[in-house]
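Trainee: Hey, could you walk me through this one? I'd like to get a feel for it chain by chain.

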Amino acid sequence: MNDLPDLDDDLRSTLNGTADALDLELAPAGELAQRGARRRRRKRALGGVAATALVAVVAVGVVGTRGDDSTVATADVAAATTEPELLPPADDATSDATTDDTIDGATDAAPAITTPPTMPPVDAEAPATAAVTAFGPSGDALVAPWRDGFIRVARTFPAQPLPNELPDELRALFPQEILDLFPDGLPPTIDEATRVLSDAGLLDVVTELISEHPELGEALYAADPLPVELQIATTSDGLDWVPVSLDLPAEIADPTDVRVSDDRLLAWSIVPETDGQFATVSISDDLTTWRTTTFDIPTDATSDPAIHREAWVQQIAPVGDGWVAMVSRSSWIEWEALLPDDVRREVDASDGWGTSVDDAGIEIQIGDGEPLQYTWDELGLDGNPELDDEPTLEFVVADAAGNVSRHTAPDNSWGELTTWNGQVVLVGQTVSVSSDGANWTELAILPEGAWASGAAPVGDQLVVTGGDDVGDPAGWLIASDGTVTEVELPDLPGQYSLWGGRDSAAWIVELYDETLAPSEPTEPATVTFDYDGLVVTLDESPTGSSVVAVDAATGAIVAERTYSPDDAENENVYQYDEATDTSWLVITDESTGDELLRIPGDVVADAVSEAYGADESIVDEPAVEAPAEEWNPDYWLVATTDGGDWYTADVADPGPWLNQSAAVNGTALIFPDGDTWQRIDLGG
Amino acid sequence: MTDAAGPADTAGAVEIRTSSFEVFCEREQDRMARALALALDSADLGRDAAAEALTRAWERWSTVADYDNPAGWVYRVGLNWGRSRLRRRRREVTSALLPDAAVTDRHRDDQLARALTTLSADHRAVVVAKFYLDWADADTADALGVPVGTVKSRLHRALAHLHDELRSDR
């Protein structure tokens, strides 16, 4: 009934006019189905095992004045299945079998997901289209596209040299059987001596001697280590490699890091000097001539010796005829240095200690002793210095002549730097481009809730990798006009992330399973309390957490909900009303989001405190110790030339430089495996 | 949860359900997104809320499709999800809530549009349901999971509030 009818037509007109004017870019039905399919995979991967933190959520109420109002950490849980799942499940509570990808009509249900051309494992028989060729030792090296081929930049770390002789008093520490192993004096390196000792079964003896006599270790390691050497080779076809004789400027002969991007090699060093900290950057596009620039990265020394400010060159990418460096500044506090001398000595002598920091001050827990609390004022500080000093970024730009300029980083500018279409691109949740490193233009924004971890050019587009709003791996193609298109990343037998700004879209990834190892529940694991005629039970167990509210009079269940780590609503369980400074435990229906129950946070906090004997520490983050298992990581190659079709291959031993050890161009894909490199012919 | 297929879960049945979901999406997605944008006063949020609600509908389509008004279910889930996101944004953003994204901003010169922004979320939801979605009160009640009397009450209060706003604006 509406007794104010005169507004009806106006309301219809206004609402329809407003609605019609909206420019909405709606996702196709198939895209929604794919999104739902990914969630189903994640839920199925959980296998019903949930390890969530409802009690921890409640603990926020207990210690609510300490931190953020209601942020609840949730774990992203992997999809461990590999089969495509394009169709709606038959029933929410029953079958997954009907999602079999063999069902005809699947492509009618949703836009086709391109099945990635999975390459065979490199140790398997390879078809002609995936010729695998070994071409020499891999070692610690990065590879990248270079001109029409590839470049390999290897850093070799020379073995630690040994002194020719040891002083007699140290020599006398060794038993004769060890001295007999080296009748002509010590070998030139520690590696060689270790090998001899190990072969003789006497390495443990020497290790124990060094442990008992630190002066012996100091003598053995007295010689300065030899500098890191860069070894570079190039190839036009990925098969024949030509070593390049390098004549690097002395300042970067032992570089802190190197990068190859857009047919240029950058090497840089960060050197602390007595009058400050400096970074030296050398850039070359022919591997012969180098342009070297040094700039200072001041650390902003503070008057308080306990407060440390640090600066670091995070990334460098070429831009124009020069380069742009992302320089970060951050601060940290050396808590121990602030403590009274006697407490500091106690800390130094203890086997274990921990700190808890909040706006009020610091709490020190030394061993099993009573926690010690100090306000910031007592420590001579004006509040928590770290909270007041967030890490900051600036861009340092050098032109071809070596002129250096400094620029404030655009907002939200933490991200991956790479080059694309002749520009440098900064990829975070926002994708920004710059032709000079100083002036940035926002080109695109990833979908809300999405995050970027990696980026690489693919043709005239940019592929961005990261995660979507529910934590699943996700990828997007960015066109030069800023259009963002979601791409389907390949399914692998485990979860993975593609990290780092690259010059080509090839990654070696280590698969992992983020399903939390069940932890032993803290005691008590169940909290029960009365509220408004209800008996409410909060329960945490190794398989999940739940809340059940029962009508005290009738025994009827009024609200019931079980939470798993991937439940996006989990973070709304504990709600904080800033206006009234009140908090609530809110239970919603899993499917509809309808509110089922709302309990004042104080009531919950009191119940938890009572159950836990007011010992807040018990609900702070109980240690989770996964059972010790043999570490046997599974590595895979993931690469694409267009963002649509992805190449994958199981890699037995990719070496230590995971993030830079694979590269792809139009004709070949190369990556390390074991002691050799592998090449897949793409037939381009 | 079991992995066993139910007796009706044949490939053909799945195809029918899939097709049914697509048809539903094509018919309702745009309308739901615009309705949710109006109800949540944010075009982006409305679009995302519709996508989220439809994704959830896909996940349990065999159940939702049997409802008398599946769009009502989507509207309610979208509203719940959108409000949940708004709560989170309020925590994350200290400044005014999405001033640039308010769908009624472009109609600031329209008194009624401006007045609509002053309605509470619950009142706004029933107004949009009645005057944009053209749902009967009973359908709105069913969609929002509240008694019909509550819908009527909210409508009455909402309209009274709008009248007051318009009077004070003159």
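Trainee: What pattern does chain B follow along the sequence?

Mentor: Reading along the sequence, chain B goes α-α-α-α-α-α-α-α. Keep in mind that this is a predicted model. Chain B has eight helices and zero strands.

Trainee: How much of chain B is buried?

Mentor: Of its 170 residues, 50% are buried. And if you take contacts in chain B between residues at least 6 apart in sequence, 63% of them join residues at least 24 apart.

Trainee: OK, switching to chain A. How many helices and strands are there?

Mentor: Chain A has twelve helices and 38 strands. Buried residues make up 33% of its 684 residues. For contacts in chain A with a separation of 6 or more, residues 24 or more positions apart account for 56%.

Trainee: Can you pick one sheet to look at? What is the strand order in the open sheet of four strands?

Mentor: The order is E17-E18-E19-E20 in chain A, and the pairing is antiparallel.

Trainee: Why is one side of E17 and of E20 left without a neighbour in that sheet?

Mentor: Strand E17 (416-420) and strand E20 (441-445) of chain A are at the edges with a single partner strand each, so each has one side with no neighbour in the sheet. From one strand to the next, the twist averages 25°.

Trainee: Quick basics check: what do strands of a sheet pair through?

Mentor: They pair through backbone hydrogen bonds, in either a parallel or an antiparallel way.

Trainee: Got it. How many bridges join E18 to E19 in chain A?

Mentor: Four bridges link strand E18 (residues 423-427) to strand E19 (residues 430-434) of chain A, and the two run antiparallel. To see it on screen, find Val424(A), which sits opposite Ser434(A) in E19(A). Then find Val427(A), which is opposite Val431(A) in E19(A). The hairpin from E18(A) to E19(A) goes through two residues.

Trainee: And what about E19 and E20 in chain A, how many residues lie between them in the hairpin?

Mentor: Six residues lie between E19(A) and E20(A) in that hairpin, and Gly437(A) in the turn has a positive phi of about 80°. These strands pair in the antiparallel sense over four bridges. Thr430(A), for instance, stands opposite Ile445(A) in E20(A).

Trainee: Why is E19(A) largely enclosed by the rest of the structure?

Mentor: Because four of its five residues are buried.

Trainee: Let's move along the chain. Which strand does E21 of chain A pair with?

Mentor: Strand E21 (residues 451-458) of chain A pairs with E22(A), antiparallel, over seven bridges. Ala452(A) is opposite Gly466(A) in E22(A). The hairpin between E21(A) and E22(A) has two residues between the strands, and Gly459(A) in the turn has a positive phi of about 60°.

Trainee: How many residues of E22 in chain A are buried?

Mentor: Five of the seven residues in strand E22 (residues 461-467) of chain A are buried, leaving the strand mostly covered. E22(A) is also joined by six bridges to strand E23 (residues 473-478) of chain A, running antiparallel. In that pairing, Thr465(A) stands opposite Gly475(A) in E23(A).

Trainee: New topic: cores. Which residues touch the most other members in the largest nonpolar core?

Mentor: That core has 81 residues, and Trp323(A), Ala325(A), Val464(A), Leu637(A), Ala639(A) and Ala662(A) touch the most other members. Beyond its neighbours within four places in sequence, Ala639(A) has contacts including Trp507(A), Trp646(A), Tyr647(A) and Leu669(A). Apart from that core there is another one of 57 residues, including Phe24(B), Trp58(B), Trp73(B) and Val77(B).

Trainee: Last bit: which strand is Arg264(A) in?

Mentor: Arg264(A) belongs to strand E7 (residues 264-273) of chain A. There are 19 other C-beta atoms within 10 Å of Arg264(A), so it counts as partly exposed, since a residue needs 20 or more to be buried. Leaving out residues up to four places away in sequence, Arg264(A) touches Ile283(A), Ser284(A), Asp285(A) and Pro318(A). The C-alpha atoms of Arg264(A) and Asp286(A) are separated by 7.6 Å, with the residues 22 apart along the chain.

Trainee: And where is Glu560(A)?

Mentor: Glu560(A) is in strand E30 (residues 557-563) of chain A. Glu560(A) is partly exposed too, with 16 other C-beta atoms within 10 Å. Its C-alpha atom is separated by 7.4 Å from that of Ser546(A), 14 residues apart along the chain.

Technical notes. Residues are numbered from 1 along each chain as its sequence is written. Chains are lettered from A and ligands numbered from 1 in the order in which they are written. This is a predicted model: local features need pLDDT of at least 70, side-chain atom pairs count only at pLDDT 80 or more; totals for chains, interfaces and linings use all residues. A residue is buried if 20 or more other C-beta atoms lie within 10 Å of its own, exposed if 12 or fewer, and partly exposed in between; C-beta atoms are placed from the backbone. Two residues are in contact if their C-beta atoms, placed from the backbone, lie within 7 Å. Two strands pair if DSSP finds at least two bridges between them. Axes are lines fitted to C-alpha atoms, for helices over the stretch in contact, and angles run from 0 to 180 degrees between N-to-C directions. A nonpolar core is a set of buried Ala, Val, Leu, Ile, Met, Phe, Trp, Tyr and Cys residues joined through C-beta atoms within 7 Å.
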